[in-house]
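Tutor: Let us examine how the terms used for a model rest on explicit cut-offs. Each of your questions should ask what justifies a term.

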Amino acid sequence: MSSLELRGLGARYGRKTALHGLDAEIADGEFFVVLGPSGAGKTTTLKCVAGLVEGATGAVLIGGRDMTGVEPYERNVAMAFESYALYPQKTVAENLASPLRSGRLGTWTPEQRGARIGEVTRTLGIDHLLGRYPRELSNGQRQRTALGRVLVRPADVYLLDEPLSHLDAKLRAAMRAELKQLSGMARTTTVYVTHDYQEALALGDRIGVLREGRLVQVGTPAQVWETPADAFVARSLGQPETNLLEARVHRGLATTHGGGATVALPEEAHGADGVLLGLRPRDLRIAGPSAPPDGAGRELTMRGRVVLVERLGRSRELSVDVAGRTVITVTDDPRVREGDDVTLAVAWGRVHVFAGPAGDGSPHPPRVGSALPVGGTR
Ligand SMILES: Nc1ncnc2c1ncn2[C@@H]1O[C@H](COP(=O)(O)OP(=O)(O)OP(=O)(O)O)[C@@H](O)[C@H]1O
């Protein structure tokens with residue numbers, strides 16, 4: 001069993017605190033993604049698990065065993081760094097074989113080694129490069145070889161630091177799909193670090209969102225997507241970013257500045273002076289004659305004027321002026337033009353309510369629930 005547990009994990013670099021006591025329980029075989037912006041402490045988290053941070057506090061348990069005082073090479077973790085380390089004088093095949101030759105991992109027959117290397121290199125799409133030297137590879141190929149070096153060896157925990165960052169978008173998407181299929185990967189507890197929310201949603205059994213050295217939310221991709229813990233988490237997932245509209249609260253109702261929309265609030269938000277309403281651009285739709293707003297009041301509707309249309313591949317990103325506030329939405333309808341008056345509609349349950357506007361107390365207002373219809377029930 002190779003579960004991984006972090007108990008109050010802390011790390012400092014001089015006077016700078018990089019991790020403020022992380023707690024997480026990662027199950028045996030789980031694929032756990034740490035998502036966060038640059039500087040959040042993602043790499044430091046992995047290094048602490050590997051035993052590479054001096055003076056780390058708290059505890060790391062692997063398979064229930066406290067790793068405090070256990071040397072990095074005795075932890076049986078395999079870590080891939082963003083900057084790839086390969087032996088320049090060895091071919092790709094030799095680079096991949098070397099971890100299996102070290103003896104610490106049991107004895108591998110040449111056939112077993114060949115089979116494992118074949119499986120990993122086919123998954124990573126580098127099986128045609130086995131005879132090349134690192135200097136003869138592109139950055140993306142080098143990165144995949146470095147990842148291969150980690151994945152060939154059986155370990156209790158894989159620690160992967162942005163392993164796909166040097167690949168182009170198409171290859172990243174293809175590799176994402178392949179990675180989880182790799183046998184060994186499917187069974188080995190993995191902590192995967194990224195700042196790419198799509199990668200996190202696609203790969204993670206669960207996602208831990210890291211901000212300024214704190215895990216601010218841990219949950220399945222669906223939980224983090226549907227009920228973001230705060231406005232920061234909501235903005236971290238999704239492109240275009242979640243719209244945040246400031247609203248004043250009066251008698252359980254919130255009205256956006258400018259009066260473009262009014263919603264009823266869940267009870268937890270009644271005491272707030274103000275709230276932020278979070279609207280994902282893809283949750284908003286343009287209500288038109290063919291798809292009128294829901295007459296039963298199951299949707300919030302807002303009137304606005306399209307001020308900008310930008311192409312996003314097949315769809316279009318619209319900036320809509322709603323009573324002086326810009327609301328971004330995405331549509332596949334090619335007929336919408338700049339200057340059009342439109343009605344935006346969104347299901348009440350998809351209107352996230354965050355307590356307190358940004359800049360007014362907490363810089364990251366927590367989510368307190370979703371909006372309710374005015375004067376009715378959902
Ligand atoms: N060796 C170091 N000395 C001093 N400060 C450091 C050191 N390594 C990291 N830090 C600081 O600790 C914080 C966390 O760094 P870390 O590398 O863990 O972040 P990250 O989330 O992995 O960022 P990125 O996505 O940019 O790699 C940052 O503020 C960083 O500047």
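Student: Which elements each supply at least two residues of the shell around the ligand?

Tutor: They are strand S2 (16–26) and H1. Helices and strands here are DSSP runs, of H or I over at least four residues and of E over at least two respectively, numbered from the N terminus. This is a predicted model, in which local features need pLDDT of at least 70 and side-chain atom pairs count only at pLDDT 80 or more, whereas totals for chains, interfaces and linings use all residues. Residues are numbered from 1 along each chain as its sequence is written.

Student: What makes a residue part of the surroundings of the ligand, and which residues are they?

Tutor: A residue is near the ligand if its C-beta atom, placed from the backbone, lies within 6 Å of it. The residues surrounding the ligand are Tyr13, Lys16, Ala18, Gly36, Ser38, Gly39, Ala40, Gly41, Lys42, Thr43, Thr44 and His195. H1 gives the most to this shell, with three residues.

Student: How are the residues of the shell around the ligand divided?

Tutor: Three are nonpolar, seven polar and two charged. Ala, Val, Leu, Ile, Met, Phe, Trp, Tyr, Cys and Pro count as nonpolar, Asp, Glu, Lys and Arg as charged, and the others, Gly among them, as polar.

Student: Why is helix H1 called mostly covered?

Tutor: Helix H1 (residues 42–50) has nine of its nine residues buried. A residue is buried if 20 or more other C-beta atoms, placed from the backbone, lie within 10 Å of its own. Among those in H1 that are buried are Lys42, Thr43, Leu46 and Val49. For the chain as a whole, buried residues make up 40% of the 378 residues. Following H1, glycine 51 has a positive phi, near 85 degrees.

Student: What makes a set of residues a nonpolar core?

Tutor: It consists of buried Ala, Val, Leu, Ile, Met, Phe, Trp, Tyr and Cys residues joined through C-beta atoms within 7 Å. The largest such core has 99 residues, of which Val49, Leu159, Val263, Val275, Leu277 and Ala371 touch the most other members. Strand S3 (residues 31–35) gives this core its largest share, five residues. Domain 1 (4–236) and domain 2 (243–370) both contribute, and therefore the core lies between them. The domain bounds come from an automatic or database domain assignment.

Student: Which residues does valine 263 touch, not counting residues up to four places away in sequence?

Tutor: Valine 263 touches Ala254, Leu277, Leu300, Val351, Ala371, Leu372 and Val374. Contact means that the two C-beta atoms, placed from the backbone, lie within 7 Å.

Student: How far apart do the C-alpha centres of domain 1 and domain 2 lie?

Tutor: The C-alpha centres are 38 Å apart. Seven residues from domain 1 and 10 residues from domain 2 take part in the contact. On the side of domain 1 that touches domain 2, five residues are nonpolar, one is polar and one is charged.

Student: How do you know that strand S1 and strand S4 pair?

Tutor: Two strands pair if DSSP finds at least two bridges between them. S1 (residues 4–13) and S4 (residues 57–62) have five bridges in the antiparallel sense, so the definition is met. Glycine 10 stands opposite threonine 57 in S4.

Student: How many bridges join S4 to strand S5?

Tutor: Two bridges join S4 to S5 (residues 65–66), and the strands run antiparallel, so this pair also qualifies. Isoleucine 62 has arginine 65 in S5 as its bridge partner. Their hairpin has two residues between the strands, and glycine 63 takes a positive phi near 60 degrees there.

Technical notes. Buried ≥ 20, exposed ≤ 12 C-beta atoms within 10 Å, placed from the backbone.
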